Each structure stands twice: as C-alpha cells, then as structure tokens.
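Work through the exercises below with the model open. Try each task before reading its solution.

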Amino acid sequence: MNSPHFFHSKTARILAETAARAGIGIVLIQDSPEITGEILYMNSHMKALCLHSGQEALAGKTIQEILLAGSEGRGLLLLPESGESIPVEVVHCPRPLEDTPVDIYYIRDISDQIQKEKQLIEYSHNLERMVEKSTRDLQNTLKNLKETQSQLIQSEKMASLGQLAAGVAHEINNPVGFVKSNLGTVRDYFKDIFELFDAFDSLEENLENGKNTAETREEIKKIRARIDLDFIREDHQAVITESLEGMERVARIVSDLKDFSHTGKMDAEVTDIHQCLESTLNIVWNEIKYKAEIIREFQPLPLVLCVPQKLSQVFMNILVNAAQAIEKQGTITLKTQIQNSFILVDITDSGKGIPEDILPKIFDPFFTTKPVGKGTGLGLNISYNIMHQLGGDISAHSTPGKGSTFSIRIPLREP
Ligand SMILES: Nc1ncnc2c1ncn2[C@@H]1O[C@H](COP(=O)(O)OP(=O)(O)O)[C@@H](O)[C@H]1O
Ligand SMILES: [Mg+2]
C-alpha cells in the first residue's frame, strides 16, 4: 500500500488526519487502466475502522473487496477476516487531481445513526399502535356516550311526560268532576219529572173512568210545589250547557295531547305556529296559570312547513322554564313576527332572570340550577338540538332581576 507521491506532502497528511479526528475515514485508490481499485492509503480513522481485520490484511486489497455500495450514498464496510460489516456513508470523488490516477473515498461509520433510525422507526410503530388503540378507545367512549345520551334524552322525555301527565290529569279532573255532579242533578230532575208524569197518568185514568179527580189534582199540585218545576225548567239548560262545555274542554285537551304523542311521525307538515303555541299552552296550563298572565302580541303569520310536535316540545320546555323562573306572580309575553326568511317567536318572562356568568351555559346538556328532582338540565339542550334539526335557531338574553327572553327562529318554508 504505497501512498502516491502527492500524499507525502505535509499539508495533505495534516488534512487527512484532521478529517480522521472529525470521524471521517479517507481511502485513496489507484485508478489507472491496469490497476483499478487497489488501496493506496488509509487515514488513521479508516485504519481504526478496519482494525478487526488488521492493517496488513488489507494490504493489496481493492476497494471493491471492502466496500459494498448501497443506495443514497450508503454502503457496508466489509471486514473480510471477521466477516463482520459496518454500515457507512460513502462519498466517492473520482480523480480529484486531474493528472493523478487516484480516487478518494470519504467514509463515515453510521452504525449509531442506523441504530437510532431503527429505534425511531420502532418508536413510530409503537406510536402508531398507541394512537390506534387510543382512537379505538375514544370511538368506544363516544359510542357509550351516545348511548348514554340517548338514554338520558329518553329519561328526560319520560320526565316531561310525567310532568305532562300530572298537568293533564289535573286539567281533566276538574271538568270531569263538575260534569259528574251535573249528571247527578239531571238524574234527580228526571226522577222528579217522572214522579209528576206518574201523577198525570193517574189523573188521566181517573178522568177516563169518570172517577173523582180532586184528590189526584191536589197530589199533582203538591208534587209540583215540592220539585219546583220552574227551577228545573230554568236550571236544566244551564246544567247541560255547562256539562257540554266541560266535555269540550276534555276533548280539546285530548286532541292537544295527540299532537304530542305522535313521536314516530316526524315529517314536516303544514303548521300554524299560533295554533301550535296555543295547544302547548293548554297542555302546560297547569304549570302556568297560578304564576303568570299570558300576553299575546301576535302578528299575522303564514302557514309553514314544520314539525309541530317538535316545535311544541320546544315551546313547552321554554314555557315551563318561564313559569318556574317567576317566583310569585308575573307575565309571560308571546310575541310573533316575520323577520327576513324566518318566523320569530319571542317568549319573554318577568321572572328572576339569568345571571351573566350562567347565560353561556344554559344550553349545555345537564346544566341546571334547579334542585335535584326538579331540573334535569336537558330541556334547553334538547330544544337547541330540535331547533337546529328544523333549520332554525334558539337564543336567549336576560336582564337579571327583570326577566328573560328566549327567541326561537323557525325557517319560513311555505307549503
Ligand atoms: N326563563 C328562565 N329564567 C331564568 N333561568 C332560566 C330560564 N330558562 C332556563 N333557565 C336556566 O337554565 C337552566 C337550564 O334550563 P333547562 O335546560 O330547561 O334545564 P332545567 O329546567 O331542568 O334546569 C335552568 O336550570 C335555569 O338556571
Ligand atoms: Mg327546563
């Protein structure tokens, strides 16, 4: 292994050894037409790399015997004696000195780097597996949450159904009570009248048989006085009219309830917003009547395509909240108008209002300021979801101490 004459210069050696200190191996090879690849010189770092094989063992070897070129400037340094190999980075400079048939190879041991790369790949595989697992966990959690949410929505529905049932029972109980008592009165009236008829029958019989009728006529007079026929004549009308009205009220409540119970039928239908408001009011009347006077500020509205059952549910949640916000006595104002391509329904109560820090949370699921058993914190969240499903919106503003307004926007879809 003879260094070519130019490498005997001090400068060249200093450069080669400086490179060695920087961890770069330098190999010079012969590149003449007769001899190709014979190793002429190695700097000290290169010798250290080849230490296993021993410097002498490499004497007379060619670069091809110790270097296996790979892709992207990488290769393997083969140590023939030990049979081992080291991954290296290779820069090949063919004939840097024009008049000298010598090539230079710069070689750097990259075992550490390769090791780190392998680790990195392993890390990233692990990471991928971890991310996949977390994603799966998250998906499961999401699924569970969805199930829980629908269970809760169902239980909120049941809760409002319970509330509804109590209200309806009360509303129906009242007319049913007085109609029952009126029927009792009518039964007594009939009894009296038939008693009178019987007396008339006797009178008729006596007349036909030519008998004395004085006694029977006296009897008739007595009965008439006792049953107060004039009063019956007057009162029976009132009793029957009142009963008919009572039954009408019951029929109306039942028909309003039917609007509510069509849970499966969710197609849009021609809807009268005012009628929807009125029938919802009827249903929750029990919750409202002792608390608030209803003020209507209705503008004429067109019929729209909407889902009245859903809208009713929203109105009901807001009306019940409004009544609950009024401590003793107050008003609930229902204002309707057309605004751009929406129907705007504002429901304003004169209740206690909503503190500023609470206002942004009221549409959150489970947010409630009411005691356990009274509030679920789902009413407004459900209403919010419904309004967005319907292509509308719901928002709230409030002056604490004065009251709150809930604004419901329903898209003006004309049938
Ligand atoms: N009209 C209102 N006036 C004052 N506070 C209200 C009104 N409507 C809603 N809120 C507040 O918003 C909260 C959430 O309402 P909601 O979702 O209907 O749940 P819940 O009525 O079960 O508490 C209520 O607990 C209350 O604090
Ligand atoms: Mg509520």
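**Exercise 1: a salt bridge within one helix region**

R187 counts as exposed, at 60% relative accessibility. Exposed means over 50% relative accessible area, buried under 20%, and partly exposed in between (1.4 Å probe, protein chains only). The model is predicted: local features need pLDDT of at least 70, side-chain atom pairs count only at pLDDT 80 or more, and totals for chains, interfaces and linings use all residues. Residues are numbered from 1 along each chain as its sequence is written, chains are lettered from A and ligands numbered from 1 in the order written, and side-chain values use heavy atoms, with hydrogens and water left out.

Task: Find the residue with which R187 forms a salt bridge.

Solution.
- Step 1. Apply the rule: a side-chain nitrogen of Lys or Arg within 4 Å of a carboxyl oxygen of Asp or Glu.
- Step 2. The partner is D188, with the closest N and O atoms 3.9 Å apart.
- Step 3. Check D188: its relative accessibility is 40%, so D188 counts as partly exposed.

**Exercise 2: bridges across the chain**

Task: Place the partners of the salt bridge between R226 and E195, then do likewise for R296 and E278.

Solution.
- Step 1. In the R226–E195 pair, the closest N and O atoms are 2.4 Å apart.
- Step 2. This pair links distant parts of the chain: R226 is in helix α5 (residues 214–227) and E195 in helix α4, 31 residues apart. Helices (H or I, at least four residues) and strands (E, at least two) are DSSP runs, numbered from the N terminus.
- Step 3. E195 has a relative accessible area of 28%, so E195 is partly exposed.
- Step 4. R296 and E278 meet at 2.7 Å, N to O.
- Step 5. R296 sits in strand β8 (residues 292–298) and E278 in helix α7 (residues 273–288), 18 residues apart.
- Step 6. R296 is partly exposed because its relative accessibility is 41%.

**Exercise 3: the core**

Task: Which residues have the most contacts inside the largest nonpolar core?

Solution.
- Step 1. Collect buried Ala, Val, Leu, Ile, Met, Phe, Trp, Tyr and Cys residues joined through side-chain atoms within 4.5 Å.
- Step 2. The largest such core has 43 residues, and F315, I332, I408 and I410 have the most contacts inside it.
- Step 3. Helix α8 (residues 308–325) gives the most to this core, with nine residues.
- Step 4. Leave aside neighbours of F315 within four places in sequence; its contacts (heavy atoms within 4.5 Å) then include I273, L277, V345 and I408.
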